[in-house]
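Colleague: Could we go through this model together? I would like to hear the reasoning behind the labels you use.

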Amino acid sequence: MKQIPYWVWFAIIGFMFAAMLLSTQLVQQPKEAKISYSEFKQTVLNGDIKEVTLDGDKASALLSSPKKFGATTTDFERVSTITPASGDPDLIKLLEKNNIIIWNRPLDDGIGWLKSIVPWFVLFGVYIFFLRRMQGNVMDRFGGRNSQDFLVGSSAQEEKTERKVTFDDVAGQEGAKREVAELVDFLKHPQTYENVGAEPPRGVLLMGAPGTGKTLLARALAGEAGVNFFHISASEFIEMFVGVGASRVRKMFEEAKKRAPSIIFIDELDAVGRARGTGFGGGNDEREQTLNQILSEMDGFSGHEAVIVLAATNRPDVLDPALLRPGRFDRHVTLDLPDKTAREQILKVHVRKVPLAKEVNLATVAASCPGFSGADLKNLVNEAAIAAARNGVDEVTTEHFDTMRDKIIMGTVRTLAIQPEEHKRLAVHEAGHTAVAFYSPNADPLYKVTIIPRGRALGATHMLPGEERHTLDENYLLDQLAIILAGRVGEQIFMGNVSSGADDDIKRATQLARSMVSRWGMSKDIGPIDLSQSEEHPFLGREIAQPKRFSEAISNKVDEAVSKLLKDAEQSAVNTITDHKSKIEVLFKMLEKEETVSHDQITEILS
């Protein structure tokens, strides 16, 4: 609305005013005859007038019935005349004598026309007011930008924070930090690299699972760089108006080039960098135009003066190949989930302001959180601190960490009315898992076992890896199959039957056995052939379906091999539980009574 010139508004107002005047002229008026004053008085005397309106020197009368005047053949409903300039004092008396209704119209003050159009101006003003309010709401919806930025595009925001994040705040990603820190050296000492003919990288792509610290690493780079640092989310390039995203890209790079040396950080690059030609719009939609502009700015015909582009994504598989070629995002930095040592370093960063009890061992806490990302560990520390405050204590203890870890992994404790028979079955089920894990030579060390319901689980057996495993050998996987199926076996031996509580165990065991056969070649009958129908995503922790590429005969052999692995694992669990039946019986009775049994108690009973 603000872009419309003022002369357009004046034209609209003039048009409305002319339409109003024209409408008053088009209103059908009663037929009125103009007669002489003497004829007017005679008409009054004849009793043909019903009412009279006096308006200055003009008198207008409504006839009691239509009547012809003069030589015309028209029946007039009204007559009018001009009274004498000196006035006629006998006119009022004559009208009153003949019982005629008299109306008197006040003299026109010259602004009657203005009074008639004032309501129109008020109505038009209210309309403009609400229209601008609606426009303001749209601008607030898109980040509070003014109309010029909204239509033309806005640049990235410059990093300006009270407390600078540094590389000391990024723990557990030493390799990624070295790669990113090298960018600062490129920008601060360009002559060193120019002397040997080296050019700084155009773009660096940070890849990793959600929560591994990609954005945190970029913020640390901003704190350490000492150069101009601009950051923006890729979703801000996508708007409802065509061309806005590309305009914002141009403006962002123009600003960065003016203030070079500088670094641009684009978060969640996959929001705009998805492969072209996979969506609707025939290649002309707003997303693809924005992507084309990014590609042109990074390595197009124009120069690229001392500007490095940093981007983050957890979906590198969907990015356009043109983004990843040399000259654009040609340097890829992967941020992995932290191992045990890295998790301990991350915990030390997050507990700087948290008062810990002397008993807390961060190495043990780190070991109890396999698979946790940096964001998960930050959340764990925060939840433990909240639990300490809720309990009214001044220090965070090991119990707080254990309770909150179980809450994050399995959910909040549920209060269920469990029948005694079902309570015993739960204890037997978890005791079966615990016993087979204890006696399996390749299993991870036990931490504790519990039958307290949390989330969707009615019980759990916790094991802590003694070391980080990057590959899984066949003996370890076979023991895992036996441990997973041991709960069902324990129910069969001690309760005489099985229950639906083994539903998730069977599902996990089947998936593991199928992976051993179809992906890892651990079946002698099948051999080392890739027969998988899905591929695990490198960062998102889920499988992506793939088309079937083998015959039904091979499929039947895979099913037979999977079934054989599961049956052998079940028989192994049966043998282990049968050999130590008396000790396991002591364990599940204690578990039924205490609901949680620690590592030391498990060792004392089963050793």
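Colleague: Why is Arg 259 called partly exposed?

Modeller: In this predicted model, Arg 259 has a relative accessible area of 31%. Buried means under 20% and exposed means over 50%, so Arg 259, at 31%, falls in between and is called partly exposed. Arg 259 sits in the loop between α9 (244–258) and β9 (262–267).

Colleague: How far is Arg 259 from Asn 228 in sequence and in space?

Modeller: The two are 31 residues apart in sequence, and their C-alpha atoms are 6.9 Å apart in space.

Colleague: What makes His 599 partly exposed?

Modeller: The relative accessible area of His 599 is 34%. The buried class is under 20% and the exposed class over 50%, so a value of 34% puts His 599 in the class between them. His 599 belongs to helix α21.

Colleague: Which residues does His 599 touch, leaving out those up to four places away in sequence?

Modeller: They are Leu 446, Tyr 447 and Lys 448; a touch here means heavy atoms within 4.5 Å. His 599 also lies 8.8 Å from Pro 445, C-alpha to C-alpha, although the two are 154 residues apart in sequence.

Colleague: Where does helix α21 lie relative to the strands?

Modeller: Helix α21 (residues 599–606) lies across β12 and β16, and runs at about 80° to β16. Those strands belong to an open sheet of three, ordered β13-β12-β16, with antiparallel pairing.

Colleague: Why are β13 and β16 said to stand at the edges?

Modeller: Each has a single partner strand, so β13 (460–463) and β16 (596–598) both have one side without a neighbour in the sheet. On average, neighbouring strands in this sheet are turned by 15° against each other, direction ignored.

Colleague: How do you know that β12 and β13 pair?

Modeller: Two strands pair if there are at least two bridges between them. Strand β12 (residues 446–450) and β13 have four bridges, in the antiparallel sense, so they count as a pair. Within β13, Thr 461 stands opposite Val 449.

Colleague: What makes β2 and β3 a pair?

Modeller: The requirement is at least two bridges, and six bridges join β2 (residues 49–55) to β3 (residues 58–67), so they qualify; the two run antiparallel. Leu 54 stands opposite Ala 59 in β3. Both strands are part of an open five-stranded sheet with mixed pairing, in the order β1-β4-β3-β2-β5. Its edges are β1 (32–34) and β5 (101–104): each has a single partner strand, so one side of each lacks a neighbour in the sheet.

Colleague: At what angle do helices α6 and α8 pack?

Modeller: Helix α6 (residues 174–188) and helix α8 (residues 214–225) pack at about 30°, with their axes 10 Å apart. The contact is made by Ala 176, Lys 177, Val 180, Leu 183, Val 184 and Lys 188 of α6, with Leu 217, Leu 221, Glu 224 and Ala 225 of α8.

Colleague: How do the residues of that contact divide into nonpolar, polar and charged?

Modeller: Seven are nonpolar, none are polar and three are charged. Lys and Glu count as charged, so Lys 177, Lys 188 and Glu 224 belong to the charged group.

Colleague: And how much of the chain counts as buried?

Modeller: Of its 607 residues, 41% do. The chain has 21 helices and 16 strands, and its accessible surface comes to about 34,000 Å², with 53% belonging to carbon and sulfur atoms.

Definitions and conventions:
Residues numbered from 1 in each chain as written. Predicted model: local features only at pLDDT ≥ 70, side-chain atom pairs only at ≥ 80, totals over all residues. Heavy atoms only, no water. Axes fitted to C-alpha atoms, helices over the stretch in contact; angles between N-to-C directions. Buried < 20%, exposed > 50% of the residue type's maximum accessible area, 1.4 Å probe, protein only. Areas by Shrake-Rupley, 256 points an atom, 1.4 Å probe, with all protein chains shown as cover.
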